[in-house]
Amino acid sequence: MIPLSHAQRRLWFLCRDGDPSGLHNIPVALRLRGDLDRAALAAALADVSRRHEALRTVFPDEDGRPRQHVQEPGAAPDLTVTVRPAAEHAELARRAAGRPFDVATEVPLRAHLFTDEADEHRLLLVLHHIAGDGASLDVLVHDLAAAYTARVLGGDPEWPELTVQYPDFALWQQEVLGDAEDPDSLHARQLDHWAQALAGLPEEHALPTDRPRCAVASYRGAVVRAEAGAAVHAGLAALARERHATPFMAVQAAFAALLTRLGAGTDLPLGCPVDGRDEEALHDLVGLFVDTVVVRADTSGDPAFTEVLDRVRDAVLDAHAHRDLPFDALVERLNPPRSPGRHPLFQIAVASQRDADDEPVFPGLRVRTEVVRTATAKFDLTLEVDERHDPATGAPAGIGLALEYAADLFDAGTAQRLLDRLVRLAAAAVHDPVAPIAALDLLTPAERADLLHGWQGAPAEPHATTVHALFTARAAAHPERTAAVCGGREATYGELDALSDRLAARLARLGVRHGDTVAVLMDRSVELVAATLGVLKAGAAYLPLDAAAPPARSAAIVAEAGAAVLITGAAGAAPGLGVRHTLRVEDGDGGADGDGGAAPDRAGAHPDGLAYVMYTSGSTGTPKGVAVSHREVVALAVDRRWRGGAHERVLFRSPHAFDASTYELWVPLLNGGLVVIAPPGDLDVPALAALMAEQRVTGTFLTATLFNELADRCPDRLATLAEVMTGGEAASPAAVRRVREHCPGTTVTNAYGPTEATTFAATFAVAPGAPLPDGQVPIGRPLDGTRLHVLDDRLAPVPPGVTGELYIAGAGLAQGYLGRPGLTAERFVACPAGPPGSRMYRTGDLARWNTAGQVEYLGRADRQVKIRGLRIEPGEIENVLGGHPSVGRAAVTVVPTAAGPALAGYAVPAEGAAPDPAELRRHLRAALPDYLVPLTITVLERFPVTANGKTDLAALPAPAPAERPYEAPRDDTERALAALWEKLLGADRVGVHDNFFELGGHSLLATRLLAEIRSGLGAAVTVRRFFAGPTVAELALATAESAAAPEPPIVRRARRGRPA
């Protein structure tokens, strides 16, 4: 029995279930013009097949053990002839190139001739990778031309005898490598080296993709191209000479630097093909001699490009020095977690194109060799590098770059931009090779213009007024218009203006002056609105307090803010808050107790004076007071996006101490609208829906938690609104979709903004009739006068599609944190894109611009986690989990386990549903790679929430233990399968949930297992299906599925030249 070479074994395994896309086909086309002798061409094909045993070898297997079977010399491929117009030949060749082989029964070479029956011909040769590689195509075409020449001249081809054939190489390779169990063998020594060199390798790259990775890869792909000019080529070549490297290594270094800049991380495993034709006897032989090594590119520490080149050079040389170890042996030894959705050890490859030989000579024909592409991609990305040189001088003439990309993950535009950025980065590195790679410019002038200007907020309307001055102007213009309604009580603009004037006078008599802060602790009411206005008219800033907060926290806030006066309701109490004066406001009255005494000083009011101080939780546990000026509140209120009538009747339902109240109060009041004041306390969903309908609310803001609950339980109750905004957390695409379906006339807006940006910095509106975005819902574009910047660690803008930290500048920016200059300086930093002295706020949020010029929120930077070297965004998993119809809300967090940190999922049922955790994990597995599937999913009645309505991840209960105890087989099928596992793996006891690969299994053992299942149980389980669930329980399901859909029987079929 002739064994397969190591590289053949891997390909045989990959093709065991068939290769429907022709992924492993290697096509080449010869365009022939002139008088073609078809008989000579057919004879030449037979000559070449006789010369190379690899071209007439098939690969049957017995019990999952494949072997090489070399057929007799007459087993040449037929030359199929298709007569079509010449214009159709290229497309016909492309289709034929993707037709799969059955390597068990079919010789691995096909020949198709497309002809117009005149002088235009195209010969397509398709070689299966199991029988050859790229260099083999050169040998094949060269030998075919020689044989054709001889046959046209009436003779036999005369060529040097081949001293060895491919089966000889396969046997020789086994001898040279030796036994992996022998510590002195080459096999064992190189295994040890690679195990150390690749220790801690990330399971998967972190490069952002257009779509989540599929659970099972389709291998659909395409190619984009770009060109690095002669100057860049010469510069890279010069750099390479200085660093004792090659130009190809310089391109690899540039590619690694680019991947890091685009978010792939700094530990980058790159697959690189290496040719194994070291022995002279192999040079003229067709066969699979190429293998793959992993070049581990290290870009950590923001090194100079020259340093990256040095590191890549060393990694490449080290990999080539240990290239004797076959890749499949390395995979078996390292045993990385298997997934049918990705390639093991690396998913990004870099290859150097072979130097093009002179065109082959076919007598009487003009010949041109053409590349034929199948619409496939073996890896996520493969960069092909083609160095070109001046034929006369040998000088660098440019580098052709082709990027093959997986269509499951990337769009053509994304791939093209990536390749174009590689050219830009290479040019920048040539210009300044000692610059840190993070400083190399990736942006085109058009992209920079979009990021800094085109996609930013429209210019803000100029104003130089205060909140209370603008309100007073509205009240003077229409004093009888209703300004606020609370229960059965209404207050006009004139009444609210007078009421707030009286309160301002009282505050002045208590000594309140410009620059002071006044604490406000009241339930929602007309009097609360008047009190807030009264504080502003007195020249002070209002300090809203949360009635639900512990008194000690409120007292600390009052003390830090320096508030000497507290306004409270008639029945309110302020125990222990430490103020000098407490002002109680009676219902319907400003608390007037005479008109004498001091009056507020209106002349001292200034747009840059403080309007309010709002305290938010701090990461240290100490609340921090965000100080916001009148100018920023007015800028929010007069923004153009509130026009059109959707915000004429706005619901005030947020606690006064939370920043959503800024929108709820001032957007309607400063535009002549009406505030619908919700009753004190928390409203349940039915009460909230009823209030909005009864009071004809046109616009409201709901936290994401509340919005999701309404969308789940009664989405139709939002149909009375012209616009509903949601924010505070990432918007649920499923919730937005449900509301749109039930409320087609309502605009659904995803709003984003921290307290430090005066409530809202950006919005994305899905208007009636507008299409829903694919995937996540963006946070959109900035408000008028506001600018959003997505920046890297050096505060430089990142390209569209690349993740960075979100910064906010321009209108709406708070002055800082009251009394906290150090913290203010840390979070409010100089804005490099603005005029001198301008600032921007560092949000701590991750985001990216999409190609449509909308910002996408990607979660908190401090929520990003790494597990087994993989960077994970819990929000991505939450979106998929929340998309299951039985799930109303979803959360994902990280929990400690004995094996290290692991993901834990949580779900709140949709209305009337009962989620099954096992079904939810299957749902996640169908859409996400294994490493993104939580170890556990816990179903809760509701999520704990923070005081401002966000999901309190820290308060989620601990999940049930993830470790499964041993569970014995439960039926005859599981018992038979467990027995097979025990025999193949040498295990004492296999439970139904044990993982085949975690017990020491590998790909070749898997094929033997599946072969025994076929022969013993009569079930044909595919390798891909097994990889998707490598447990006895899942395998038992797969055997049942196979039994339900049996394969058709093998029957005798008609063959060309003989009857059936």
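Colleague: Which residues does Ile567 touch, leaving aside those up to four places away in sequence?

Modeller: In this predicted model, Ile567 touches Leu507, Val518, Ala519, Val520, Leu521, Met522, Ala531, Val535, Leu583 and Val585. Ile567 is also among the residues that touch the most other members of the largest nonpolar core, a group of 146 residues. Leu383, Leu401, Leu496, Leu507, Trp666 and Leu669 share that distinction. Helix H8 (residues 247-261) gives the most to this core, with eleven residues. Another core, of 81 residues, lies apart from it and includes Leu45, Leu124, Val367 and Trp981.

Colleague: How do you know that Cys743 is in no disulfide?

Modeller: A disulfide needs two cysteine sulfur atoms within 2.5 Å. For Cys743 the nearest cysteine sulfur, that of Cys714, is 9.5 Å away. A search of the whole structure likewise finds zero disulfides.

Colleague: And why is Cys743 called buried?

Modeller: Buried means under 20% relative accessible area, and Cys743 has 1%, so the word applies. Cys272 counts as buried too, at 5% relative accessibility.

Colleague: What makes helix H21 (residues 733-742) largely enclosed by the rest of the structure?

Modeller: Seven of its ten residues are buried, so the description fits H21. Those buried residues are Pro733, Ala734, Ala735, Val736, Arg738, Val739 and Arg740.

Colleague: How does the reach of helix H9 (residues 305-321) compare with what is expected at 1.5 Å a residue?

Modeller: H9 has 17 residues and reaches 24 Å from its first C-alpha to its last, close to the expected 24 Å. Among its buried residues are Phe305, Val308, Leu309, Val312 and Ala319. The buried residues of H9 pack against helix H6 (186-197), helix H7 (230-242), H8, strand E11 (290-298) and helix H11 (412-431).

Colleague: Let's turn to a sheet. Why do strand E6 (79-83) and strand E13 (365-371) count as edges?

Modeller: The sheet is open, with five strands in the order E6-E7-E8-E1-E13 and mixed pairing. E6 and E13 each have a single partner strand, so one side of each is left without a neighbour in the sheet. From one strand to the next, the twist averages 20 degrees.

Colleague: What makes E6 and strand E7 (residues 109-115) a pair?

Modeller: Pairing takes at least two bridges, and these strands have five, in the parallel sense. For Val83, the bridge partner in E7 is Thr115. Helix H4 (residues 134-152) packs on the sheet, touching strand E1 (25-34), E7, strand E8 (120-128) and E13. The direction of H4 makes about 135 degrees with that of E8.

Technical notes:
Residues numbered from 1 in each chain as written. Predicted model: local features only at pLDDT ≥ 70, side-chain atom pairs only at ≥ 80, totals over all residues. Heavy atoms only, no water. Core = buried A, V, L, I, M, F, W, Y, C linked by side-chain atoms within 4.5 Å. Buried < 20%, exposed > 50% of the residue type's maximum accessible area, 1.4 Å probe, protein only. Helix = DSSP H or I, 4+ residues; strand = E, 2+ residues; numbered from the N terminus. Contact = heavy atoms within 4.5 Å. Expected span 1.5 Å × (residues − 1). Axes fitted to C-alpha atoms, helices over the stretch in contact; angles between N-to-C directions.
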